[in-house]
Amino acid sequence: MQTLYSRFICAVTILLLPFYGFGIGDSARVETKLDLLYQQHGLTGAGTIVAIIDRGIDYQHPDFIDDNGNTRIAYIFDMLDNSGMNDPNNSYGVGTIYDMATINQALQSGSTLATIDPVGHGIATTGIAAGNGRAISSNKYRGVAHEATIIAVKAFTDALPAFDNFPGQAGVFNPSYLKIALDFVSDKVAELNMPSVTLMNLGSTGGPTDGTSDICQAMDAFVGSGKLLVCGVGDDGGGDNYASGSINQGDTAHIEIQKGAGNLRFDLWYSENDRFDIMITKPDGTVLGPWASPASSSQTNDQTPAGIFCYQRGADVEFFGASSHRREVLIDFTQGQGMFTVSLIGSTVTDGSFHATLNPGNYSTPHAFLSYVQAGGSINDYASAFDVITPTDYVVHTEWVDFSGTARQITGQGDKGDLWIGSSEGPTHDGRQGVDIAVPGEVLFTSYSAGTWYHHNAHNLLQDGNGFYGIQNAVSACAPLLTGVLALMLELDPTLTPDETKEFLHQTARSDAFTGTTPNARWGYGKLDALALIDELASTLSVEPAFVPSIELYPNPAKTSIHIDWSNWNQRPYDLHLFSVQGQAILAETWKTATATLNIASLVPGVYILQIRSQGVAIREKFVKLE
């Protein structure tokens with residue numbers, strides 16, 4: 001009985017390659033200090049796994065293929081295509097599994113695998129977290145952990161109309177698939193024996209939202225086995241979609257709801273020790289009920305008058321398999337507009353408290369609570385799991401130039417520096433803060449594929465992306481950005497535990513005038529500072545190199561070229577970075593030889609810094625460029 005969240009709005013060149021930009025966009029990169037992180041630590045995500053549970057992937061997109069033409073995807077698990085269920089290597093009872101060898105064979109032979117992401121959402125989120133930017137020569141739009149190994153799980157998809165050559169499709173969502181998806185990722189991470197971070201990119205209002213649903217229990221078990229798991233707070237903020245209160249025995253609480261056009265779901269939870277009878281008043285004054293609360297925890301009382309489906313469930317038979325010993329009243333309103341009233345009649349009360357949500361009920365819908373309204377509380381059920389890492393989204397950039405050269409901008413999304421208007425908020429319904437950290441998501445630049453719904457909306461394609469890149473925003477953008485940063489943490493310290501990771505995130509987050517005093521249920525511990533995060537982690541590591549590396553530069557000073565020799569360094573490959581003395585990045589490149597000659601003729605005279613980094617060790621030397 002859960003729904004998905006997804007929202008989509010409509011220098012000097014030296015040697016052969018320019019300095020790389022990053023696919024998330026300049027504003028988000030600067031805001032999170034990712035550019036400084038790359039310069040100072042040289043991390044790429046190599047040796048880590050980024051697992052994305054989403055709407056699929058395009059294995060043919062260049063961002064997911066390495067420089068040798070081989071896939072970066074270790075596994076694709078398409079849970080919506082059951083043609084591979086007879087595969088002896090598929091013990092999951094659903095879907096089709098494609099391993100790296102199968103994907104590479106398809107790439108090399110030009111054959112086509114059946115798995116696709118016609119929406120484009122999974123492609124975009126994977127690109128933000130781990131795309132390598134190879135679709136254009138500048139690598140301008142690469143993702144955060146661009147050398148990570150990828151696992152892609154297609155566990156659900158959205159309804160789409162027919163477009164281009166695509167015939168359209170119905171939406172598919174089966175909550176039981178999420179637990180299977182986590183099991184699959186867990187198994188493959190163990191097989192590959194690499195540190196991992198997983199993004200489960202979905203969730204919306206509804207459910208117990210107290211960390212006790214069966215999906216939350218599976219998520220916490222996944223994290224309990226030592227793996228990082230990210231789930232964004234959801235896209236249900238900005239509306240009056242959370243109500244809570246308390247009643248005494250014999251009293252009645254009248255929960256008023258403004259309903260616009262379309263379907264609306266009301267989901268209310270209260271103690272199994274209480275008995276609330278239900279009565280519904282329609283906009284025309286018609287009264288339905290009262291309907292008695294089920295007598296025991298295993299009983300139901302479901303009523304389905306015209307246009308209304310009212311399910312009253314005891315704690316053992318509610319829809320979410322929660323362990324919190326609470327009852328559920330779930331009502332689907334499928335007809336009518338105006339004010340509906342759901343009346344709770346306290347026939348037996350020992351606790352009296354209740355929590356209710358509306359779906360949809362965010363800033364962009366006409367549905368809202370009119371009584372018992374509480375601020376916040378719009379965080380999705382999955383993000384209420386106790387051990388999951390939960391980012392919220394804030395605004396740093398709202399403009400882009402589309403494929404035709406037209407300047408575009410998303411408006412009305414919140415001030416730059418403030419939370420995106422649609423970001424869900426804590427607290428959880430059991431009173432926990434809910435949000436861990438705020439991450440930029442408005443708007444990011446990422447991977448697009450032809451033939452997808454994203455690509456069909458051509459005004460979202462970037463002018464210089466050659467059809468391979470476009471925009472992504474909302475929590476679906478901030479969550480993969482954080483996922484990529486966590487992969488960089490694991491590259492630096494593969495032994496990090498989930499608890500340690502959360503502690504580092506909390507300690508290094510920054511507060512400002514927008515966040516106010518932190519932590520709080522809107523911003524968590526503040527805004528992500530990726531450089532401070534990695535600096536703090538690096539400061540805790542005590543690994544010393546087995547030798548003292550050095551760089552020999554000559555001639556120094558130099559006019560046209562400078563020779564670099566680090567032949568006493570027996571580790572390869574090396575990341576070479578060139579900076580101005582003010583810290584401006586000029587070049588980022590990977591080298592596999594111990595000597596090189598750098599053409600500096602086009603540099604303006606002055607002092608420059610050359611950095612070489614390999615396997616956690618970085619050394620720097622200055623040189624002078626003469627007239």
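Here are legends for four close-up views of this predicted model. Residues are numbered from 1 along each chain as its sequence is written, and side-chain values use heavy atoms, with hydrogens and water left out. Local features need pLDDT of at least 70 and side-chain atom pairs count only at pLDDT 80 or more, while totals for chains, interfaces and linings use all residues.

**View 1. The largest nonpolar core.** This core (buried Ala, Val, Leu, Ile, Met, Phe, Trp, Tyr and Cys residues joined through side-chain atoms within 4.5 Å) holds 68 residues. Leu34, Leu37, Leu481, Leu486 and Leu528 touch the most other members. Helix α8 (residues 475–492) chips in the most, with 13 residues. Apart from it sits another core of 35 residues, including Met79 and Ile215.

**View 2. Around Leu486.** Beyond its neighbours within four places in sequence, Leu486 is in contact (heavy atoms within 4.5 Å) with Val197, Leu228, Val230, Ile389, Thr501 and Leu505.

**View 3. Asp393 in strand β20.** Strand β20 (a DSSP E run of at least two residues, numbered from the N terminus) covers residues 391–395 and includes Asp393. Asp393 counts as buried (under 20% relative accessible area, 1.4 Å probe, protein chains only) because its relative accessibility is 0%. Its side chain reaches the backbone nitrogen of Gly441 at 2.8 Å. Among its other contacts further off in sequence are Trp420, Ser423, Glu442 and Cys478.

**View 4. Helix α2 and what comes next.** Helix α2 (a DSSP H or I run of at least four residues) spans residues 34–41, and six of its eight residues are buried. Those six are Leu34, Asp35, Leu37, Tyr38, Gln39 and His41. Just after α2, Gly42 takes a positive phi of about 65°.

Notes: Buried means under 20% relative accessible area, exposed over 50%, partly exposed in between (1.4 Å probe, protein chains only). A polar contact is a pair of N or O atoms within 3.5 Å; within protein, one must be able to donate a hydrogen and the other to accept it, and residues adjacent in sequence count only if both atoms are side-chain atoms.
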